[in-house]
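Q: Please take a close look at one part of this protein, the place where two neighbouring helices pack together, and explain it in connected prose for someone new to structures.

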Amino acid sequence: MTWAFLALLCPSALAGDPVAPAVDEIVGWYRDGLVLAEAARADDDGAPQATALGRMLAARRAAATDALSDALGADAADKGRLTQRFLAALEHDRDLLDGDRLALLDVVAALRVALQAGPRDRRHDALLGRVVADEAALIDLEARYREEAQALGAPGTRGLAGSRQRWDAYLAAVRADRSAEALLRAHADELAAAPTRGLRDNALELYGTSLPEGTFVLSFDDGPSAEHTPEILDILREHGVHAVFFELGDHVADRTARSSRPRRRR
């Protein structure tokens, strides 16, 4: 993906710095997903639509994340100016709450991989050290938030500071900023064009409602990616565990295209 694709996702990216609007879009869809996930867990008539809309917006956030990751990866191999702006926003933007930064963890991880594959010089090494430190801080933040969420009964670094805000306080701030009802109203036309089927097993979808009682299912939404998929497969193979992998449509298309190319004989 290129800056042109990123501009389609975030039209304001053409005016001035393209990083800021992309970050705003990704964080916004992340916040939307949190309030919709809460609504989906509620046992009422609106839960299926909240689930459906959550999936739609999650797909858009994934596409925007890929676009920003690809653009920053290309920039890091060049002058690194946009990468510097992204890291400055990640580390110091006062409009970002601690929890908002978790929406950018995949972007940071992809940026680390791009820098590790790039040339080794003083500038790249400095950027890489900064990105590695930020990624470690985000992973630590995610782990602490997960512990807090479990306790509630619901689901020292360079540059990026540690968490100062509890997970429940972050969720309260997100709820005050938007509501599931408002999101469902705003996307009513899109939902009407893609009706849900009741979130029960059917000929096209498997939700697990027909599985035997006590069944435990492992599933991964991983792309797939060259960074994470091989490691996950090795762990599963080592322990003899079966799992379901969900693949993004554009990744499936890329893999199909590669597999259809004639192979050279050795």
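A: What follows begins with the whole chain, moves to one pair of helices, and ends with a patch on the surface. The model is predicted, and its protein chain holds 11 helices and two strands. Read from the N terminus, the elements run α-α-α-α-α-α-α-α-α-β-α-β-α. Of the 266 residues in the protein chain, 33% are buried, while the chain exposes about 16300 Å², with carbon and sulfur atoms supplying 54% of that area.

The pair of helices consists of α4, which covers residues 81-92, and α5, which covers residues 105-117. These two helices pack at an angle of about 140 degrees, and their axes lie 12 Å apart. The crossing that α4 and α5 form is left-handed. On the side of α4, the contact is made by T83, F86, L87 and L90, and these residues meet V107, V108 and L111 of α5.

Away from that pair, one can also turn to the surface, where L211, V217, V244 and F246 make a nonpolar patch of about 330 Å². One of these residues, F246, has its place in strand β2, which spans residues 244-247. F246 counts as partly exposed because its relative accessibility is 45%, a value that falls between the limit of 20% for buried residues and the limit of 50% for exposed ones.

Notes
Residues are numbered from 1 along each chain as its sequence is written. This is a predicted model: local features need pLDDT of at least 70, side-chain atom pairs count only at pLDDT 80 or more; totals for chains, interfaces and linings use all residues. Side-chain values use heavy atoms; hydrogens and water are left out. Patches are made of residues with over 30% relative accessible area and no salt bridge: like charges are joined within 9 Å, nonpolar side chains (Val, Leu, Ile, Met, Phe, Trp, Tyr) within 5 Å. Accessible areas come from the Shrake-Rupley method with a 1.4 Å probe; for residues, only the protein chains shown count as cover. A salt bridge is a side-chain nitrogen of Lys or Arg within 4 Å of a carboxyl oxygen of Asp or Glu. Helices (H or I, at least four residues) and strands (E, at least two) are DSSP runs, numbered from the N terminus. Buried means under 20% relative accessible area, exposed over 50%, partly exposed in between (1.4 Å probe, protein chains only). Axes are lines fitted to C-alpha atoms, for helices over the stretch in contact, and angles run from 0 to 180 degrees between N-to-C directions. A crossing is left-handed if the near helix is turned anticlockwise from the far one by less than a right angle, and right-handed if clockwise. Contact means heavy atoms within 4.5 Å.
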